[in-house]
Amino acid sequence: RASVGFNNILVRSQTVRTLDAAVDIHISMVRLRQCFRSHLKAGKSFGESLHEAVNAFAAEREVLNAEAVRLVFRCRWGRRNVSRTYHTHELDAFISAWEETAKRQPLPAPAKAPKPLRRGPKERAPQGGVRRGGRERAQSLQAKFQARVIWLRSKVRGILQRLELRQAKLLKKWGVKVLPKDIQENTFQAPDDSLCANFHMSDGTQRPGPYRRSLAEALRDLTEL
């Protein structure tokens, strides 16, 4: 599974089968964190910032036709020897719990960096094969790290390219780079030639609305039906 932490929150995905899938989700989660912090810095509340970030995360995954992610939100508050952990899939419930707890109990201040230890006289490195062996291991680890960084960068570039192509396609066809929430493309006579509203039923299921040739018509269905 993938996870990312920020502002005393841990956001986690469901378990996935491959490392590639976990890395893909983690990249999206890093952008979720960046989006949250940018909204918070712009003066929005904690709840508004988290909502905006999660909505952007879901929209990006949908645009990329990537695997759906069910996020788990987790936070831990503590004072002295007493701590409380809260975790849920429901974003609104998590935000309410966060805000109520934050009123009663301020969040812990970030830990201060430890003071550097005073160094004593330099010790001479052991001679011969021990020193060479340590250097070789360090070089091997560095090479593996650099290879991993190159792979991750290529992965990110590929995702961004697919995102740009998808956004260009949507802009040309429907006039927007990202479809509004609960509006999806469907196939009527040709692939992705129509839009429809996605209705959430009282029993928890979802059903598509009538197929429409324009975004305005699909949005009207969403508000009127």
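## Close-up views of a predicted model

I27 has a relative accessible area of 10%, and is therefore buried. This value, like the others in these legends, comes from a predicted model.

**View 1. Surroundings of I27 in helix α1.** The residue I27 is found in helix α1, which spans residues 19-41. With neighbours within four places in sequence left aside, I27 is in contact with K155, V156 and I159. I27 and I159 are 132 residues apart along the chain, and their C-alpha atoms are separated by 9.2 Å. I27 is also included in a nonpolar core of 15 residues, the second and separate one, together with L170, L195 and F199 among others.

**View 2. S28 and its partners.** Helix α1 is also the place of S28. The relative accessible area of S28 is 2%, so this residue counts as buried, the limit being under 20%. Once neighbours within four places in sequence are left aside, the contacts of S28 are with F57, E60 and R61. Of these partners, R61 is the subject of the next view.

**View 3. The buried arginine R61 in helix α2.** Helix α2 comprises residues 46-63, and R61 lies in it. R61 counts as buried because its relative accessibility is 4%, where the limit is under 20%. A polar contact of 2.9 Å links the side chain of R61 with the side chain of D24. Apart from neighbours within four places in sequence, R61 is in contact with D24, I25, S28, A66, E67 and V69. S28 therefore appears in the contacts of R61, just as R61 appears in the contacts of S28.

**View 4. The largest nonpolar core.** This core has 26 residues, and those with the most contacts inside it are F6, V11, M29, F46, L50, L71 and F94. At least two of its residues are supplied by each of β1 (3-6), β2 (9-12), α1 (19-41), α2, β3 (72-79) and α3 (91-104). Helix α1 gives the most, with seven residues. In soluble globular proteins, nonpolar side chains tend to be buried together.

**View 5. Contacts of V11.** V11 is one of the residues with the most contacts inside the largest core. Leaving aside neighbours within four places in sequence, V11 is in contact with A2, S3, V4, F6, M29, L71, V72 and F73. Among these partners, F6, M29 and L71 are also listed with the most contacts inside the core.

**View 6. The open sheet β5-β6-β7.** Three strands form this open sheet in the order β5-β6-β7, with antiparallel pairing. Strands β5 (183-186) and β7 (206-208) stand at the edges with a single partner strand each, so one side of each has no neighbour in the sheet. From one strand to the next, the twist averages 35°. Helix α5 (residues 215-224) packs on the sheet and touches β5 and β6; its direction makes about 15° with that of β6. Strands of a sheet pair through backbone hydrogen bonds, either parallel or antiparallel.

**View 7. Pairing of β5 with β6.** Strand β6 (residues 194-200) is joined to β5 by four bridges, and the two strands run antiparallel. Q184 stands opposite C196 in β6, and I183 stands opposite A197 in β6. Six of the seven residues of β6 are buried, so this strand is largely enclosed by the rest of the structure.

**View 8. The β6-β7 hairpin.** Three bridges join β6 to β7, and these strands run antiparallel. Within this pairing, F199 stands opposite R207 in β7. The hairpin formed by β6 and β7 has five residues between the strands, and G204 in the turn has a positive phi of about 95°. F199 is also included in the separate core of 15 residues.

**View 9. The chain as a whole.** The chain has five helices and seven strands, which run β-β-α-α-β-β-α-α-β-β-β-α from the N terminus on. Of its 225 residues, 30% count as buried. The exposed area of the chain is about 16,000 Å², of which carbon and sulfur atoms supply 53%. Among contacts between residues at least 6 apart in sequence, 43% join residues at least 24 apart.

Technical notes. Residues are numbered from 1 along each chain as its sequence is written. This is a predicted model: local features need pLDDT of at least 70, side-chain atom pairs count only at pLDDT 80 or more; totals for chains, interfaces and linings use all residues. Side-chain values use heavy atoms; hydrogens and water are left out. Buried means under 20% relative accessible area, exposed over 50%, partly exposed in between (1.4 Å probe, protein chains only). Contact means heavy atoms within 4.5 Å. Accessible areas come from the Shrake-Rupley method with a 1.4 Å probe; for residues, only the protein chains shown count as cover. Two strands pair if DSSP finds at least two bridges between them. Axes are lines fitted to C-alpha atoms, for helices over the stretch in contact, and angles run from 0 to 180 degrees between N-to-C directions. A polar contact is a pair of N or O atoms within 3.5 Å; within protein, one must be able to donate a hydrogen and the other to accept it, and residues adjacent in sequence count only if both atoms are side-chain atoms. A nonpolar core is a set of buried Ala, Val, Leu, Ile, Met, Phe, Trp, Tyr and Cys residues joined through side-chain atoms within 4.5 Å.
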